Amino acid sequence: MSSSPAQRFKNPRARYNFLGRTCSITGVGSYVPAKVLTNADLEKMVDTSDEWITSRTGIKERRIAAENEFTSDLGANAALRAMKMAGVSAEQIDLIIVATITPDMPFPSTACLIQRKIRAKRAAAFDLEAACSGFIYGLEIAQQFIMSRTYDTVLVIGAEKLSSITNWKDRNTCVLFGDGAGAAILQNRPESHGLLTAVMGANGDEADLLFMPGGGSRCPASAKSVDSRMHYLQMNGKETFKYAVQAMQTAAQESLRRCELDISQIQCIIPHQANRRIIDAVADRLGASPDQLFVNLEKYGNTSAASVAIALDEAVRSGRIQRGDLILLMVFGAGLTWGAAVIEW
Ligand code: ACO
């Protein structure tokens, strides 16, 4: 029988449990659409091969939402599963934060649309946009509200219908992305340490590496913007790759330093599920062993803000994460943005 993390490590991390207040994840949930798009399917759509996609990314298939299935539907389904695990009713939710780059529409927020769908009538609701880093940004914001005693129960969702902004004629990008949603209920749980720290970062100087030019105030939708394919995601993959490795490494190390933890003390590392080679490179630089990693990108591809949220849910439900385990999340995305979080489960 292993001892609890609090017994194992010198640092009691008392500041994460001040005045009897913590920010714990009490429930997780995820939802992916039924339709599977395999690498073999993509071979029929663009000049690519299963061999190229698998060796360059690790992705074998991804999920694609139905035409009448939107980001709010994916997010609401994930939320209901997280609420069930936490034993939380819709009326108990104080705040809904939805991280997404593919909202149902520019406004109202997808958070408001999900509030309506799950009937969380008391909840305040807003979207946040930090691309693939959005879920960790959401966790940190939720923690601030909970620790300040503003709210007791916060629902954080990462949800994306990336297929709606994917250029299915561009083999450089269309093989990478998928649709899905993950959610977490955060609450004060005095008998736990919960979220120990969250690191967030951004570098707008590199905004041009990964972006969607059309649909905003700079380039509103027009016949010309549609003809010029401006409503699709565009990416400089090679440069993004380099930044991803560096940024996730730095964020992860900073989060561990703040908690006075060594990477060897982490039971489960959940990286942003963008590319197996990025994950392996970061793990190598951190000195992590492969069996510490949780990877599911072969099934879903890169689901942006939903990525680590879906993986966290799968890791918990499969028993890979046990109560008391230390978990490291690390993410990277457009903006550029990045983040890392350490959680005592
Ligand atoms: N099938 C076959 N060939 C392809 C494909 C494809 N799907 N895509 C590109 N190629 C070709 C290229 O055209 C190029 O050919 P060329 O040498 O004749 O010009 C060749 O393969 C090599 O291309 P590279 O770009 O050098 O391939 P690389 O090894 O860098 O892998 C990849 C590309 C997978 C995109 C990688 O750079 C990557 O993963 N980058 C990071 C992307 C990412 O993680 N984004 C995260 C943030 S997402 C968000 O925030 C929403």
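In which loop is Ala131 found? Ala131 sits in the loop between strand 5 and helix 6, where helices (H or I, at least four residues) and strands (E, at least two) are DSSP runs numbered from the N terminus. The structure is a predicted model, in which local features need pLDDT of at least 70 and side-chain atom pairs count only at pLDDT 80 or more, while totals for chains, interfaces and linings use all residues. Residues are numbered from 1 along each chain as its sequence is written, and side-chain values use heavy atoms, with hydrogens and water left out.

Back to Ala131: its phi is near 50°, a positive value in a residue other than glycine. Ala131 has 3% relative accessibility, so it counts as buried (buried means under 20% relative accessible area, exposed over 50%, and partly exposed in between, with a 1.4 Å probe and protein chains only). Glu260 has a positive phi too, near 55°, and lies in the loop between helix 9 and strand 11. With 59% relative accessibility, though, Glu260 counts as exposed.

Now for the sheets. One is an open sheet of 5 strands in the order 1-7-6-4-5, with mixed pairing (two strands pair if DSSP finds at least two bridges between them). Strand 1 (24–31) and strand 5 (124–128) are its edge strands, each pairing on one side only. Ignoring direction, neighbouring strands in this sheet are turned by 15° against each other on average; such angles run from 0 to 180 degrees between N-to-C directions, with axes fitted as lines to C-alpha atoms, for helices over the stretch in contact. Strand 5 runs parallel to strand 4 (residues 95–99), and 5 bridges join the two. Within this pair, Ala99 stands opposite Leu128 of strand 5. Helix 6 (residues 134–147) packs on the sheet and touches strands 1, 4, 5, 6 (153–161) and 7 (179–187), its direction making about 165° with that of strand 6. Touching here is contact, meaning heavy atoms within 4.5 Å. Helix 12 (residues 307–317) packs on the sheet as well, touching strand 1 and strand 7, at about 105° to the direction of strand 1.

The other sheet described here is open and mixed, with 4 strands in the order 8-13-12-11. Strand 8 (194–202) and strand 11 (268–271) each have a single partner strand, so one side of each has no neighbour in the sheet. The twist from one strand to the next averages 10°. Strand 8 and strand 13 (residues 337–344) run antiparallel and are joined by 8 bridges; Ala198 has Ala341 as its bridge partner in strand 13. Helix 9 (residues 237–258) lies across strand 8, strand 12 (326–333) and strand 13, at about 145° to strand 12.

Two cis peptide bonds also turn up in loops. The bond from Phe107 to Pro108 is cis, with omega near 0°, and Pro108 has its place in the loop between strand 4 and helix 5 (110–118). Gly335 and Leu336 are joined by a cis bond with omega of about -10°, and Leu336 is in the loop between strand 12 and strand 13.

Finally, the domains. The chain is assigned domain 1 (5–191) and domain 2 (196–344), with bounds from an automatic or database domain assignment. Their C-alpha centres lie 13 Å apart, and 54 residues of domain 1 are in contact with 57 residues of domain 2.
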